[in-house]
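I opened this model to look up how its helices cross, how its aromatic rings pair and where its backbone is unusual. My entries follow.

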Amino acid sequence: MVHIGWIFSLVRSGSSAAGYAAAAPWDLPVADELFGPWDRTGPPHNMPKRQAELARAFRAVGNILTAEIVGLAHDILRELAQRDNTGKGWVVCKCPHLMFTPKDFNTWFGATSAQGIVHHQAHLIRNPIRRANSCYARGWEHMLNDPYELGAYRTFMQRWNDAETKLRFEDMRTEPSEFFHALYEGWGLAATDSEIQRACDYLAEQYHDSSAQRRTLTPGFVPQSETNWAAPGELLDVYLADDEIHSFMQEQGWPTNRSSYEGWLPRKLWRALKGKSPGISA
């Protein structure tokens, strides 16, 4: 039996850190954005050659699931599962986009045990303002669907609320042991305390600038996006004025006052310094 542990999230929500750390105790294969839009067949991802074909085919049909697309995805996942040297047959699959609806996912992947594949889901969310600021801090604002992405966040927020396994980026940072325990439990992947510790050790030692780029962490590291404000000031206005998101942030215990994000450094000065200081983004 092949088992696929999915991590659904939005961009800049920690899916790379969570996915690769979760795989670390057993060196499980990682299907990193299986459906594209990128060709992941070369280093460092080294996915099966057919992944490039899947990315092209998925894009060609308008990014919807079809029998052909799902069949090809399953072929790739089976090949990846053969790389699991533990014999568990597990693959970690990270999907940091609103790629398909939960209904479509359940229709196409929810009853595949007869085909020898079982899919397990976990949803990972992050403070929406920190997440958007992270995109701006590293010059990735083009990854947002629009300057503010309120609609995309609301959509994922609803999916997260409805999910059985709900995870938060902030808990991964502050309580990694509990985070990975919840993730493995949600997937149904048995993990000992020492195996959970190995996932925590990976998280403490490795930082993912992106899925393809990682670095060894130094003591006292704090992501730049959590110490400097890089997004337009209007982004704060629209998020904090949105009743649905504002209420959700309050429920999660995330700050809902401007000063918690902008801090003391004026935005124009920060943008000027950004061009002169190497820094670290997250």
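**Entry 1: handedness of a crossing**

I fix the term before using it. A crossing is right-handed if the near helix is turned clockwise from the far one by less than a right angle, and left-handed if anticlockwise. I also keep in mind that the model is predicted.

I took α1 and α9 to start. The crossing of α1 and α9 is right-handed. Helix α9 covers residues 193-205, and its axis comes within 8 Å of the α1 axis. The two axes cross at roughly 140°. Angles over 145 degrees count as roughly antiparallel, so α1 and α9 are oblique to each other. I listed the residues that meet there. Ala17, Tyr20 and Ala21 come from α1, and Ala199, Tyr202 and Leu203 come from α9.

**Entry 2: α2 against α3**

Next I looked up helix α2 (residues 50-60) and helix α3 (residues 67-81). Their axes are 10 Å apart, at an angle of about 160°. That makes α2 and α3 roughly antiparallel to each other. What is the handedness of the crossing of α2 and α3? It is left-handed. On the α2 side I noted Arg50, Gln51, Glu53, Leu54, Ala57 and Phe58 in the contact. The α3 side gives Ile69, Leu72, Ala73, Asp75 and Ile76.

**Entry 3: the whole protein**

I stepped back for the totals. I find 13 helices and seven strands in the secondary structure. The protein has 282 residues, and 51% of them count as buried. I then checked contacts between residues at least 6 apart in sequence. Of these, 74% join residues at least 24 apart.

**Entry 4: aromatic pairs**

A pair of aromatic rings is described by the distance of the centres and the angle of the planes. How many aromatic pairs are there? I get a count of 21. I looked at Trp6 and Phe8 in detail. Their ring centres are 5.3 Å apart and their planes lie at 5°, so I log the pair as stacked. Trp6 and Phe8 are both buried.

I compared this with Tyr184 and Trp187. This aromatic pair is tilted, with 6.5 Å from centre to centre and 55° between the planes. Tyr184 and Trp187 are three residues apart in helix α8 (residues 176-187), so about one helical turn separates them. Are these residues buried or exposed? Tyr184 has 2% relative accessibility and counts as buried. Trp187 has 1% and counts as buried too.

I also followed the ring pairs outward from Trp6 and Phe8. They link into a cluster with Phe35, Phe58, Phe100, Phe105 and Phe109. Phe58 had already come up in Entry 2, among the α2 residues in contact with α3.

One more ring went into the log. The charged end of Arg126 sits over the ring of Phe169, and its distance from the ring centre is 4.1 Å.

**Entry 5: Ala22**

I went back to α1 for Ala22, which is found in that helix. Ala22 has 0% relative accessibility and counts as buried. Which residues does Ala22 touch, leaving out those up to four places away in sequence? I noted Phe180, Leu183, Tyr184 and Trp187. The tilted pair of Entry 4, Tyr184 and Trp187, is therefore in contact with Ala22. I also looked up Val92. Ala22 and Val92 are 70 residues apart in sequence, yet their C-alpha atoms are 7.9 Å apart in space.

**Entry 6: backbone exceptions**

Most residues other than glycine have a negative phi, and most peptide bonds are trans. I searched for departures from both.

I logged two cis peptide bonds. One joins Gly36 and Pro37, with omega about 20°. Another runs from Pro43 to Pro44, with omega near 5°. Pro37 is found in the loop between β2 (30-32) and α2. Pro44 is found in the loop between β2 and α2.

I then took positive phi. Asp27 is not a glycine, and its phi is near 55°. Asp27 is found in the loop between α1 (15-23) and β2. Its relative accessible area is 59%, so Asp27 is exposed. Asn63 is not a glycine either, and its phi is about 60°. Asn63 is found in the loop between α2 and α3, the helices of Entry 2. Asn63 has a relative accessible area of 41% and is partly exposed.

Key. Residues numbered from 1 in each chain as written. Predicted model: local features only at pLDDT ≥ 70, side-chain atom pairs only at ≥ 80, totals over all residues. Heavy atoms only, no water. Phe/Tyr/Trp six-rings, centres within 6.5 Å; stacked < 30°, edge-to-face > 60°. Buried < 20%, exposed > 50% of the residue type's maximum accessible area, 1.4 Å probe, protein only. Helix = DSSP H or I, 4+ residues; strand = E, 2+ residues; numbered from the N terminus. Lys NZ or Arg CZ within 6 Å of the ring centre and 35° of its normal. Axes fitted to C-alpha atoms, helices over the stretch in contact; angles between N-to-C directions. Parallel < 35°, antiparallel > 145°, perpendicular 65-115°, else oblique. Contact = heavy atoms within 4.5 Å.
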